[in-house]
Amino acid sequence: MKKTIALMLFAALTFITACDDESPFSGYAVNFTFDKSIHPYNQVNSYGQFICIRRGANIGQYRLTDALGNTQTVNIPQIQLQQNTFHYGLGGLVIGTPMNCDGNIWAYDWACPKCDNSRHRLKIDNTTGHATCGNCATKFDLNSGGIAIDGNSRPMWHYRVFDNGTSVIIQN
């Protein structure tokens, strides 16, 4: 009887473990909302164009790099600071509509998933849709779900995106 129970327990644990595929979603905290009808956020509506968001130098700010590579500091309105806790993942967010995916907006972590370090942000090339790590030289395809196309790495971390037509909420 004890052997039967032990065997059933072992089989159950094996089944649970075998079904536990690695999630494409990051475990790093993310909470970011924007209006995709306002420039430069509207660039995420264009296939193959990505914007990047990361924490600013001061509380109440974030840094936004648009699809053309222009970077600006954005001040978060006081009312939003009181209502929301902003989190930007490990290295920041890369947000856009991939060319080869489902036509929806996707959000990736800006940090290289192989290096797994906030200081190793990927260099985004909006002309090719590729992101390259300056540390390990791994190249990822943003237009194909963030898969590694040059180098040995897991795909880029994804974040959940909720799009109601005007506002986009990125959370995990």
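How many bridges pair strand β9 with strand β10, and in which sense do the two strands run? Select residues 130-133 for β9 and residues 139-141 for β10. The two strands pair in the antiparallel sense over three bridges. Pick out His130, and opposite this residue, in β10, is Asp141. Keep in mind throughout that this is a predicted model.

**The four-stranded sheet**

Now widen the selection to the sheet around this pair. Four strands make up an open sheet, in the order β8-β9-β10-β11, with antiparallel pairing. At the edges are β8, residues 122-125, and β11, residues 147-150, and each of these pairs on one side only. Look along the strands: on average, and with direction ignored, neighbours in this sheet are turned by 35 degrees against each other. Strands of a sheet are paired through hydrogen bonds of the backbone, in a parallel or an antiparallel way.

**The whole chain**

Zoom out to the full protein chain. The chain has 172 residues, and 38% of them count as buried. Its secondary structure consists of two helices and 13 strands. The accessible surface comes to about 9800 Å², and carbon and sulfur atoms hold 54% of that surface. Among contacts with a separation of 6 or more, 51% are between residues 24 or more positions apart.

**Colour by confidence**

Colour the chain by pLDDT. The mean for the protein chain is 84, and 84% of the residues reach 70 or more. Confidence is highest in β10, at 97, and lowest in helix α1, residues 2-18, where the mean is 40. Next select residues 1-20. Over this stretch pLDDT stays under 50, and the model has zero contacts for these residues beyond four places in sequence.

**The nine-stranded sheet**

Select the other sheet next. This open sheet has nine strands in the order β4-β3-β2-β6-β7-β12-β13-β1-β5, and the pairing is antiparallel. Its edges are β4 and β5 (87-88); each has a single partner strand, so one side of each has no neighbour in the sheet.

Work through some of its pairs, beginning with β1 and β13.

- Select β1, residues 30-35, and β13, residues 167-171: they pair in the antiparallel sense over five bridges. Phe32 stands opposite Ile170 in β13.
- Stay with β13 and add β12: this antiparallel pair has four bridges. Arg160 stands opposite Gln171 in β13.
- The hairpin of β12 and β13 has three residues between the strands, and Gly165 in this hairpin takes a positive phi near 105 degrees.
- Keep β12, residues 158-163, and add β7, residues 106-109: two bridges join these antiparallel strands. Tyr108 stands opposite His158 in β12.

**The hairpin of β3 and β4**

Move to β3, residues 61-65, and β4, residues 71-75. Five bridges join these strands, which run antiparallel. Tyr62 has Val74 in β4 as its bridge partner. Five residues lie between the strands of this hairpin, and Gly69 in the hairpin has a positive phi near 95 degrees.

Now select Gln61, which is found in strand β3. Is Gln61 buried or exposed? Gln61 counts as buried because its relative accessibility is 18%, and the cut-off for buried is under 20%. Asn75 is 14 residues away along the chain, yet the C-alpha atoms of Gln61 and Asn75 are separated by 4.5 Å. Leaving out residues up to four places away in sequence, Gln61 touches Arg55, Gly56, Thr73, Val74, Asn75, Ile76 and Tyr88.

**The cysteines**

For the last stop, show the cysteine side chains. How many disulfides does the structure hold? The structure holds zero disulfides. Select Cys112: the nearest cysteine sulfur is that of Cys136, 3.7 Å away, and Cys112 is in no disulfide. A disulfide needs the two sulfur atoms within 2.5 Å. Cys112 is buried, with a relative accessible area of 1%.

Then select Cys115. Cys115 is in no disulfide either, and its nearest cysteine sulfur, that of Cys133, is 3.7 Å away. Cys115 counts as partly exposed because its relative accessible area is 21%.

Notes:
Residues are numbered from 1 along each chain as its sequence is written. This is a predicted model: local features need pLDDT of at least 70, side-chain atom pairs count only at pLDDT 80 or more; totals for chains, interfaces and linings use all residues. Side-chain values use heavy atoms; hydrogens and water are left out. Two strands pair if DSSP finds at least two bridges between them. Axes are lines fitted to C-alpha atoms, for helices over the stretch in contact, and angles run from 0 to 180 degrees between N-to-C directions. pLDDT is the predictor's confidence in each residue, from 0 to 100. Contact means heavy atoms within 4.5 Å. Buried means under 20% relative accessible area, exposed over 50%, partly exposed in between (1.4 Å probe, protein chains only). Accessible areas come from the Shrake-Rupley method with a 1.4 Å probe; for residues, only the protein chains shown count as cover.
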